[in-house]
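Let us walk through this structure step by step. Keep the sequence and the 3D view side by side as you read.

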Amino acid sequence: MIHTEPISQVFYIAVYDITNQKRLPKVLKTFRKYMNWVQNSAFEGELTAKQFQSLKDELLEIINKEKDSIIFYYAEEQKHIGKKILGVEKNEITQFF
């Protein structure tokens, strides 16, 4: 019998400021592969350690570390993060199984 460890996920919120219009769509496309778009320059989602490392590696290939900025906020579980929205919720998060 093969026993595998459960793959734990961490909930991330990513916000970014990309200074170059050529790099911006590449960063957006990369984030969409891993996370859910919530509004301009902001994504959220649960990632495994391997997925997060892949996302970081791909983003580091695109951004200019001297000019661009990406910030990740994280929590072990999404339930530990409160969320309040003022105004319009641009993208209601849904999950498909």
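Start with a record. An unreviewed UniProt entry places the feature "binding site" at Asp17. Keep in mind that the model you are looking at is predicted. Find Asp17 in strand 1. Now look for its partners beyond the residues up to four places away in sequence. Asp17 touches Asp68 and Ser69.

Stay with strand 1, which spans 9-17. Strand 1 supplies at least two residues of the largest nonpolar core. Helix 1 (23-34), strand 3 (42-48) and helix 2 (49-62) each do so too. In total, this core has 16 residues. Those with the most contacts inside it are Tyr12, Tyr16, Val27, Phe31, Met35, Leu47 and Leu55. There is a general pattern to compare with this. In soluble globular proteins, nonpolar side chains tend to be buried together.

Pick out Met35 from that list. Which residues is Met35 in contact with, leaving aside its neighbours within four places in sequence? They are Tyr12, Ile13, Ala14, Phe43, Glu44, Gly45, Leu47 and Leu55. Three of these names, Tyr12, Leu47 and Leu55, are also on the core list above.

Next, turn to open space. The largest pocket holds about 330 Å³. It is lined by 17 residues, and the closest to its centre are Val38, Glu44, Lys83, Lys84 and Ile85. Glu44 is also a contact of Met35. Strand 1, strand 2 (36-39) and strand 3 each supply at least two residues of the lining. What classes of residue make up the lining of this pocket? Eight are nonpolar, four are polar and five are charged.

Terms used: Residues are numbered from 1 along each chain as its sequence is written. This is a predicted model: local features need pLDDT of at least 70, side-chain atom pairs count only at pLDDT 80 or more; totals for chains, interfaces and linings use all residues. Side-chain values use heavy atoms; hydrogens and water are left out. A nonpolar core is a set of buried Ala, Val, Leu, Ile, Met, Phe, Trp, Tyr and Cys residues joined through side-chain atoms within 4.5 Å. Buried means under 20% relative accessible area, exposed over 50%, partly exposed in between (1.4 Å probe, protein chains only). Helices (H or I, at least four residues) and strands (E, at least two) are DSSP runs, numbered from the N terminus. Contact means heavy atoms within 4.5 Å. On a 1 Å grid over the protein atoms alone, a cavity is a set of points where a 1.4 Å probe fits but cannot get out, and a pocket is an open set with protein on both sides within 12 Å along at least five of seven lines; lining residues have an atom within 4 Å of a point. Grid points are joined across faces, edges and corners, and a volume is the space filled by probe spheres set on the points. Ala, Val, Leu, Ile, Met, Phe, Trp, Tyr, Cys and Pro count as nonpolar, Asp, Glu, Lys and Arg as charged, and the others, Gly among them, as polar. UniProt positions are given in the numbering used here, feature names are shortened, and annotations may be inferred rather than shown by experiment.
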